[in-house]
Structure formats: structure tokens, C-alpha cells
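Here are my notes after a pass through the model, in no strict order. Have it open while you read.

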Amino acid sequence: MADTDILTTLKILIIGESGVGKSSLMLRFTDDVFDPGLSATIGVDFKVKVLTVDGNRAKLAIWDTAGSERFRTLTPSYYRGAQGAILVYDVTNRTSFQKLDLWLNELETYSTKSNIVKMLVGNKIDKEARVVTREEGVKYARKHSMLFIEASAKTRDGVQCAFEELVEKIIQTPGLWETDQRSELRLSDGAPTQQGGQCGGYCVI
């Protein structure tokens, strides 16, 4: 399909501590690959993918930011203009969960859109050594008005749903994205759009 079929282009950030699987989540979503030997991101990585949600096609510009402290000076430009942010922690690493406050604070400091949609993702649920419960993730997400899902970049579980739910929420948020084709937007009449969808029951807020 041609770009003329695309409703809007959205800037999506993936943030969180180094090693939580941000790059793996992005690569699983964009290229459907998983590389257990993936090296740490240096600075920023960038991918583009077109996603169709509720009949609306959106081009996603996904920014995978480095979790390492030495790259934090590059931060402000990453956040500028972003409509959505995925905050990732590792369910087998409590420190990565405890540091979410720092990432959330950074997001709120540098984001240029006050109504940016936030999605919390607990990654690596394929591993047995879980130390952060699903209930803890749900509680944190609700406290900070974030969408929430658990996922595994290795097994694909929850990955597609995380991006779909985020984009759906962005499209449904008035004034968050701008386009000349706004009148073509097809939304349900406020009713849940999960009926029959593969993400039903996954995501909470």
C-alpha cells in the first residue's frame, strides 16, 4: 500500500535500564527476530514499521534508547515530539523495576507532549527466576496511569499486543497527534475494541 493510506506517523520511545530487553522487544516487533547475543545499544537505535489498528494504518518511528548512564547526555532530543513511550523492566531483575521512577521522571521532564501515552512492559516472562510479580506491575502502572502488559521478546508473548494497545490509545487521545486526514479516523463509539482480538485480556490500565 502507498503512504497515502497512512493515517499518521507516530514517534514511539522505548526506555528503561540497560539489559532489560528494549532492543529485543523492538526487533521482535519490527523484524520478528530474537538474538540472545544482542549487544547493548550505543546511543540510540531506530526502526520504522507500519501497523494497522482498528482499520487505521500508522507509521511508527520507534526509538530504542540506551539504558547506560554514559549516553544520557543525548536524552532530550529523543523525547521531543514523542506521542508514546514504552517503559521496560525485567521481571527477573528487581533493580530494573525499582528504577522505573527515575525513567518516569525523565520522561515527564523532557517530553514535549503532556498527554503522551505510557505503556509499562514487564519483559522476560519466559524465565523462571521471576522476582517481580504481575500484581506489582499492575499496581505500579495504575498508580502512574500507564497501560500494562507482560511480555517475552524470546517467545513473542505480548510483544505485538504492547505496540497495538499503545498505538490504539494514542489514536484515541484527542490532540496528541496531528494529521490532515483526521476526518478519516475510524473509531468505535467509545466501546472496547478488543472483541475477537488477540490482545483481549492482556492489557490493563
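1. One cut-off before we start: a charge counts as sitting over a ring if NZ of Lys or CZ of Arg is within 6 Å of the ring centre and within 35 degrees of the ring normal. By that test, the charged end of Lys49 sits over the ring of Phe29, 5.4 Å from its centre. Lys11 does likewise with Trp63, lying over the ring face at 4.2 Å from the centre. Bear in mind that this is a predicted model.

2. Staying with Phe29, what about its ring and that of Phe163? The centres are 3.9 Å apart and the planes are at 5 degrees. Planes under 30 degrees apart count as stacked, so this pair is stacked. Both Phe29 and Phe163 are buried.

3. Which parts does that pair tie together? Phe29 belongs to helix H1 (residues 22-31) and Phe163 to helix H6, so the contact joins parts that are 134 residues apart in sequence.

4. On the rest of the aromatics: searching the whole structure gives five aromatic pairs. Tyr89, Phe97 and Tyr140 are linked into a cluster by ring pairs. Tyr89 turns up again below, as one of the buried residues of strand E4.

5. Now H6 itself, residues 159-171. I checked its length: with 13 residues at 1.5 Å a residue, the span should be 18 Å, and the end C-alpha atoms are 19 Å apart, which agrees.

6. Is H6 enclosed or open? Eleven of the 13 residues are buried, so the helix is largely enclosed by the rest of the structure. Have a look at which ones: the buried set includes Phe163, Leu166, Val167, Ile170 and Ile171, but also Glu164, Glu165 and Glu168. I'd have those three glutamates on screen when you go through the helix.

7. Strand E4 (residues 84-90) is mostly covered, with seven of its seven residues buried. Both faces are covered: one side carries Gly84, Ile86, Val88 and Asp90, and the other Ala85, Leu87 and Tyr89.

8. What pairs with E4? Strand E1 (residues 6-16) runs parallel to E4 and is joined to it by five bridges. Strand E5 (residues 117-123) also pairs with E4 in the parallel sense, over seven bridges. To find the register, start from Ile14, whose bridge partner in E4 is Ile86. For E5, use Leu87, whose bridge partner there is Leu120.

Terms used. Residues are numbered from 1 along each chain as its sequence is written. This is a predicted model: local features need pLDDT of at least 70, side-chain atom pairs count only at pLDDT 80 or more; totals for chains, interfaces and linings use all residues. Side-chain values use heavy atoms; hydrogens and water are left out. Helices (H or I, at least four residues) and strands (E, at least two) are DSSP runs, numbered from the N terminus. The expected span of a helix is 1.5 Å times one less than its number of residues. Buried means under 20% relative accessible area, exposed over 50%, partly exposed in between (1.4 Å probe, protein chains only). Two strands pair if DSSP finds at least two bridges between them. Rings of Phe, Tyr and Trp (its six-membered ring) pair if their centres lie within 6.5 Å; planes under 30 degrees apart count as stacked, over 60 as edge-to-face and the rest as tilted.
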